[in-house]
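Thanks for coming, everyone. I'll put the model up and then talk through a handful of spots in it.

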Amino acid sequence: MSEEDSIQKLETTPVTELNFGNARLRRTVKRAGFDTLPPLLELSEKDIDALFDWGDADEIIKLQEKYHNAPAEFAISVLRKKKIDDVAVDRIISETRSSAVASLMRRTQTVLGTQYLNDGPVSLPTLPFSQALKGFEDRAREAFDELDDRLQNVMVYQAFEEFPTDLDELNEAFQQMFTHYANHPRAALNLIDRHLRNAFVVYVADRARNTFSEGNLWGNFFNGFIGFDTNIQSTFKQIFVDHIERRGMPLYGRDEETNYYFYTALLHGGLSADSWASLWDRSLLPLARGIAKGDYGFCGEMDGHSILRELKNPESRFAPRKSVANILGKAPDSTIAPLFEAAMRVAAQEVERHESIKSRYTMLSNFGLPEIAMEALCKCQDNISSPTEKHRHHSSYKNQGSKRRLIYLPMASLQLSLAEGVVFMRWPRQQFPLDFAGARIDYYIDGNLMQSSSFDASVGKCVLEATSIAVNPQARYDVELRLMRKNDITGEFEESGTLRQTFTRSKPCCFEFIKDSKGIYRLRGRNERISKKRRIAYIVKEGHKLAPGQGMTAISEHETTGEWNDTQVFVYDVEPGSSGSIISLPTGEEVAIWQERYVAKIDRRRIIGETSNGTDLYGYAPSEIGTNSALPSITIEAIDGLSALEDLDIACICDGQRISMPRRVSQMDNSAELGPARVVLDPQKSSLFNRHIEECIIEAKQRSTGGKTVFRYKFSAIPIQDFRPTEINLDFGIAVATYTFQAVLAIDVEDAQGRTDSINAWDRYIAKTLLKDEFLHIRIYSRESAKKTEAKLALAAIDIQIPDELAHVSKIHAICLADALSLGPSAANFKIVSKGWRYNRAAMVMLDMEPIFYKELKQPGVHTFNLFGHIDSFRQSSNSSPSSLPLKLSLAYGDDVTQGYRKPAWVDASLLDCVQGVGILDWRLLVTSTGEHLLRFEGKASCDVNFQFKKKVGRRPIAEAIALTGATELALPECVVRLLDMQKTIIVEVSPCDWFGNPQREYATEFALKR
């Protein structure tokens, strides 16, 4: 039969006689009104989805693709009759006879199940819960479709973010449905299977994680369900796993009949609070502390596969309790690795911020982690808070109390609008405890306040509405969310907590936005793989261009101006395994190369600046084995496993010479033979690297493609260590910093003015510059090797702005309580401005021994603190001299290796002199030559001061007197003198006066007066 004849015959042959799918699918197509196949194949995907359920629609769309790609071949294949395999038939008959009883029971159960599912109504009742559930079904289906579009393994908990404030309503709607059909629960399950499958799996997974406790899932789950006997419960679970399987999601514990539903429901729910409590306490937080110390992980992080390998090892000190380990053991690493990678990122945040000594609130990003996991972390941290912390912090997780409070927010989603020429940052609607009413979130992008959103009070909760901010496309976004609450004393909003969310380009010099199933270009996710053809928009940094490689097909190029700041946007269809590069237009050099089957990560935490041509610059730091621990480390992951790594030729060319370096190869997922693998390259552990490196290139080429480069990284190193600021002084209000480093080789250093200093090995170089300067420009010459490097050393780049009025007052006298009351809070707003991005920069401000500001300043931004927001510290204690309160800035920047090992370097700067009280430092009782009794002050009264004299017994006031501003003495009232003459002790209460002369006794101090 010719190809044309085949196509003509296909148009007349009944669908039931064709060879496609199975008999059930062909009958389904027939019942849908299609007698022949071609009319069905001409429908749009949207129409197919509307006519058929998810599984059938997927099969039909696949047939449609085959038909349009090769119509004749497709026609021949579906017209071909199936051949019957007699041997296979005999084998099946034999097996059937040997298990007749078991087969009969299974068939009976199937028949009963079929009768049951077709029993009752076929449409939802016209009741409020039906409308609610239809809406939830649409949202759940869209959420799963989007997840399917971008993830290889979809878990139900990943759809919970679509319902940030609505899961309780979803649960309530299903409970109303089951109550409505309490006398006929089969009907409810029938309707769910027909109309509400997607919403149902979200409901079951959510309820499973919330009700599991002490090893009991289903008993707790069905508690309160009317009419749910064992058979109905069984079918309830079966509908759940059927749709899980229908959507292609993983099933767990299939080899264990009794625990099959248990493991599937619990893992898809993202585990229970009980499980997470054990994981945080025994596994994730201790492991995060080890990673922070550098004992584990890579680049300060640990991937999900490595985390699971550690947790599943029964000999590991990070292993969770046995019941949790059993649950994890049922899941292949590939399906739950993203969950645990997100959990470790949350744990790393908590460990990093645990030392924040000022904030009442610790704000965390949840990185897509289920809410129940975050709540378990909050409770876990409440339970382990030390007595010191309980005294220091002001609120608990649930109730206003004495503990530090954790609050969490989702990461922003970034979406590119090609039509409007903007990138939108979006945060979904969230709910919080009611006591957040009146607070607000300030959204800063690149240090600029872009928007504020208030917490709106609702019934028993507060709601933070969804937020969307439009920004111009650029190569990096530094986002900060600040929780602002009113100060009870000043009445002004002040920062109570802060959260950084940084979005860096996925490849050097460009962002990637992937077009999803809704047609929206969203930022490519962390570690997101390209497993099918995708449409990607590349935002390329000005001065660069994208050079497509194999597997990249150009769709359009947007050369934009004006509000896009000359940013270029290239749109391509990208195949799995495709490659490309970014080219610098001025030099023609390839600054970035990639191949989609490989992912490279570079540990740049020890970077100290860059060379004049923009190459990453490193220094020197001693290691235990005598190598340079300041060099970068690199990891290359191969999606296709160890064989793909073996296809790489990795070379390191250092100043023109090829040298070897240590490498470690490992399989990332031990449960999958063909799973991803990685190689870690460790220049830090090699003694072959010189201390002065003009240019080092590490390159990986793919042998099977004729040596195509898939990765390249270039860096330089200079022979210096211990680079840090050692002194900060304020010169007429301008902060001047002294920087120093130690040479590890004999070098000559030429500064930007052309002056040259000769520095012998282990001697120090000193330079002074403004603290706010971003770079120190020098040239380094190594005398022995004649190597030279033009370096831009990254400086602390901090600007401190002291309020003018306070600076003026401080020249007259130390800032005291009187100044705080007379000037008010508005005169005491300090600013700390951080410039540029730094890996290890932090600032702390202390008022004597009290921390009033602490912040890591990794990214650019403007940060404020109010000195008079801590007015209680200015109160003088009774019966004591006023204490000095130096206001001091402590800056952490650079490395200190003076003790033979590397540690953060701290330097202090004095900002202002402050003191308790009202300017009267001390007093003495004296009698003048005229017989007048006086209190002579040391110092001057900085405001009008009220002196109230009281008897010691009963503390009854007997007299008052006022010392005016600037007074150095006070004449005692006669009644006080008489009592003193009688050797009586008088209690003196000293209070500052307000503008109207009224004493402000809430700030009073007392002392005893006697001869």
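Let's begin with Q983, which is exposed, at 56% relative accessible area; for me, exposed is over 50%, buried is under 20%, and partly exposed is in between, with a 1.4 Å probe and protein chains only. Q983 sits in the loop that runs from helix 25 (974-981) to strand 49 (986-992). Its phi is positive, about 65°, although Q983 is not a glycine.

Before I go on, the fine print. This is a predicted model, so to speak of local features I need pLDDT of at least 70, and side-chain atom pairs count only at pLDDT 80 or more, while totals for chains, interfaces and linings use all residues. Residues are numbered from 1 along each chain as its sequence is written, and side-chain values use heavy atoms, with hydrogens and water left out.

Now E214, another non-glycine residue with a positive phi, near 50°. You'll find E214 in the loop between helix 12 (197-211) and helix 13 (218-221). It's exposed as well, with a relative accessible area of 75%.

Those two helices bring me to the aromatics. Which rings link helix 12 and helix 13? Let me give the count before the answer: there are 46 aromatic pairs, taking rings of Phe, Tyr and Trp (its six-membered ring) with centres within 6.5 Å, where planes under 30 degrees apart are stacked, over 60 edge-to-face and the rest tilted. For Y203 and F221, the centres are 6.4 Å apart and the planes at 70°, so that pair is edge-to-face. Y203 belongs to helix 12 and F221 to helix 13, so the pair ties together parts that are 18 residues apart in sequence. Both Y203 and F221 are buried. F221 also pairs edge-to-face with F222, at 5.1 Å centre to centre and 65° between the planes, and these two are both buried. One aromatic cluster takes in F174, F178, F200, Y203, W218, F221, F222, F225, F228 and F236.

Rings also turn up with charges. The charged end of R426 sits over the ring of F424, 4.6 Å from its centre; the rule is NZ of Lys or CZ of Arg within 6 Å of the ring centre and within 35 degrees of the ring normal. R691 does this with Y620, its charged end 4.6 Å from the ring centre.

On to cysteines. How many disulfides do we get? The count is 0, where a disulfide means two cysteine sulfur atoms within 2.5 Å. Take C654: its closest cysteine sulfur is in C696, 4.2 Å away, which is too far for a bond. C654 is buried, at 7% relative accessibility, and C510 is buried too, at 0%.

One more residue: V915, in strand 43 (residues 903-915), buried at 10% relative accessibility. V915 and C816 are 99 residues apart in sequence, yet their C-alphas are 5.1 Å apart. Leaving out residues up to four places away in sequence, V915 touches, among others, C816, F874, P882 and L921, with contact meaning heavy atoms within 4.5 Å.

Zooming out, the protein chain has 25 helices and 50 strands, taken as DSSP runs numbered from the N terminus, with helices being H or I of at least four residues and strands E of at least two. Buried residues make up 50% of its 1011 residues. Among contacts between residues at least 6 apart in sequence, 64% join residues at least 24 apart.
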